[in-house]
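These are my notes from a first pass through a model that was new to me. I wrote down each thing as I looked it up, beginning with a single side chain and working outwards.

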Amino acid sequence: MIKNFLYSQKVAPYVFVLPFVLVFIIFWVYPLLSSFGMSFQKVTLGQEASFIGADNYTKLMGDTIFFKAVRNSAVYMILTLLILIPFPMLFAVLINSKAMWGREFFKSSFFFPALTSVVVAGTIFRLMFGEMEGSLINSILGVFGVEPIKFLKGQTTGFIALVALASWRWMGVNMLYFLSGLKNIPDDYYEAASIDGASAFQRFTRITIPLLKPTTIYVLTISIYAGLAMFIESMMLWNGNNSPKNIGLTIVGYLYRQGIEKNNLGYAAAVGIVLLIITMVINLTQLAFSGMFKKEED
Amino acid sequence: MNTGTLRKILLFAFFSVLCLLILVPFYAVTIASFKPGEDLIRYGLNLRFDLSAMSLDNFVFLFTGEHAYFTWFFNSLLLTVVQVVLTLLVSATVAYGFSAYEFRGKNLLFVCVLLIMMVPFEILLLPLYTLTFNMGLMNSYSAIILPGVASAATIFFFRQYLRGIPKEMIAAGRVDGANEYAIYVRLILPVMKPSFAAMAILNGMNSWNNFLWPFMVLSDENKYTLPIGLKTLLTPYGNNYDLLIVGSFFSILPILALFLGFQKYFIDGMTAGAVKG
């Protein structure tokens, strides 16, 4: 009986997707709901939680350090978008041009940084951006007569190091995304455009950019996500979650500080919910504007 | 010289410079691993190639010294293998369910898969932390493996791949009297092999480099994975640069070797989500 039931074509699909359903409920829905619940409570690990209404959120709205973290995350996200979308796209188009030597070699070399763990990459960059005269970046600047800079002690210079790290790790990966998008554009389009007398620039803006749209939307979506959720990069650069004047503090860093370091779980949960809302609003707006939802329907 | 050749030379020069910039940190960490840690403390990470200051001391220490590096290394290896095998099997099964059948709630469930890809995992850190704590799974590898076992990105990739498999294959299996599960195991799984390679490598790379969640779960030094172990060499009280740099350098080598051997699969896995196909 049971065997017949499980083996029927009606039940089998549910058996196949069951692991996902379980993981989704246990590790996503339940934590998400409990996070939402926790954000209205005062929670300390090992103690009874107490309901405190919207207190955490009211407190959050007056918390200047939280706003500093939001600003840092937003600035980081925007800077990474400005660098890690146009440049990889341009590089992909250039490297894809017929007359290119060593294409495979360059593709692999650009991909190398993505193989490193954030711990290793972060350590390397912390040392490269060290304040000593002899550290890599300062020694290069020294050639041009620039005095050694204490990169990780200033807001702007600290962010230069952060964004350099992100660009280094993800430039090649985003380039690969665009390269695989380019593969789907038929050569005839370019040939036809050339015959009609379109310049290289016109072909790029009229054919390449519009037809790369699905890839661009994908890269944009994951970059928004990664930008807003950034934490470990900052933790590695500043060797901990405490940077001078919080210049490297991000939303997740603040969530971690409140939740794990200060055992203030309810407040940290509220930070998480705000992050969730910010991410969803930005991403859904972005997807709606780019007409992604319309496309799914047809 | 015609303009075509000139363009070629310019492009090549441009990418060579870019490539050099990208490889500089690797060069710096490679030569640093041959220098004493004091050099790093005094001068920072630099490009100075000075044979007289270089030795194999760090490597000797890595392989013979008293430290837990290789414990962490093998922990990472073990965790990566187990995680990849489980994630691939579970995700492939789920993906097959999504692609082979029409059933009630299918679209809603698939939207959930896509949603997971858009919600930052980081916001779940605290509730997952308390959940793990309450389930008594702190300091265990299951706490690291289980949440990712039905990986959304992997399911998505397998589903895209399975779309290319003709439905007639499944129908033929049914005609031959095979049951639904036998069809999956005997007919579909073998066809999926190439896609397993891409996902194994990508998941393996992510697992090998995974940091934040394992860092929160593991507290026993003997259970640390490599990135966590390396991170603990950096402390507010002083940094063990001798081991850190050579350890960092060495930790890149296995994944680099894998990459050079299986480039195509890395790239397939990486780019699978970006292109509708």
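I began with Phe250(B), which at 18% relative accessibility counts as buried, because the limit for that word is under 20% relative accessible area. I keep in mind throughout that this is a predicted model.

Which ring does Phe250(B) pair with? I found Phe63(B), with the ring centres 5.4 Å apart and the planes at 90 degrees, so I recorded the pair as edge-to-face. Planes over 60 degrees apart count as edge-to-face. I then looked up where the two residues sit: Phe63(B) is in helix 3 (residues 57–64) of chain B and Phe250(B) is in helix 13 (residues 241–261) of chain B, so the pair ties together parts that are 187 residues apart in sequence. Is Phe63(B) buried or exposed? I noted a relative accessible area of 48% for Phe63(B), which puts this residue in the partly exposed class.

Next I turned to aromatic pairs in general, and the search of the whole structure gave 55 of them over all chains. One that I followed up is Trp28(A) with Phe121(B), whose ring centres are 6.4 Å apart and whose planes meet at 65 degrees, so this pair is edge-to-face. I placed Trp28(A) in helix 2 (residues 12–38) of chain A, and Phe121(B) in the loop between helix 5 (106–118) and helix 6 (125–134) of chain B, so the pair joins two chains. For accessibility I wrote down 11% for Trp28(A), which counts as buried, and 25% for Phe121(B), which counts as partly exposed.

I also looked for rings linked into a group, and found a cluster connected by ring pairs. From chain A this cluster takes in Phe87(A), Phe91(A), Trp101(A), Phe105(A), Phe106(A) and Phe110(A), and from chain B it takes in Phe12(B), Phe14(B) and Phe15(B).

I then stepped back to chain B as a whole, where I counted 14 helices and two strands. The radius of gyration of chain B is 24 Å, whereas a compact globule of 277 residues would have one near 19 Å. The C-alpha trace of chain B spans about 75 × 70 × 35 Å along its principal axes. Of the 277 residues of chain B, 53% count as buried, and among its contacts between residues at least 6 apart in sequence, 72% join residues at least 24 apart. The exposed area of chain B is about 12700 Å², with 66% of it supplied by carbon and sulfur atoms.

For chain A I made the matching entries, starting with 16 helices and two strands. Here too I noted a radius of gyration of 24 Å, against a value near 19 Å for a compact globule of 298 residues, and a C-alpha trace spanning about 75 × 75 × 35 Å along the principal axes of chain A. Buried residues make up 52% of the 298 residues in chain A. Chain A exposes about 13800 Å², of which carbon and sulfur atoms supply 67%.

How far apart do the centres of the positive and negative side chains lie in chain A? I found 3 Å between the two centres, for 22 positive and 16 negative side chains. In chain B, with 17 positive and 14 negative side chains, I recorded 15 Å between the centres of the two sets.

Key:
Residues numbered from 1 in each chain as written. Chains lettered and ligands numbered in written order. Predicted model: local features only at pLDDT ≥ 70, side-chain atom pairs only at ≥ 80, totals over all residues. Heavy atoms only, no water. Helix = DSSP H or I, 4+ residues; strand = E, 2+ residues; numbered from the N terminus. Rg over C-alpha atoms; globule rule 2.2 N^0.38 Å. Buried < 20%, exposed > 50% of the residue type's maximum accessible area, 1.4 Å probe, protein only. Areas by Shrake-Rupley, 256 points an atom, 1.4 Å probe, with all protein chains shown as cover. Lys, Arg positive; Asp, Glu negative; His and termini not counted. Charge placed at Lys NZ, Arg CZ, Asp CG, Glu CD. Phe/Tyr/Trp six-rings, centres within 6.5 Å; stacked < 30°, edge-to-face > 60°. Contact = heavy atoms within 4.5 Å.
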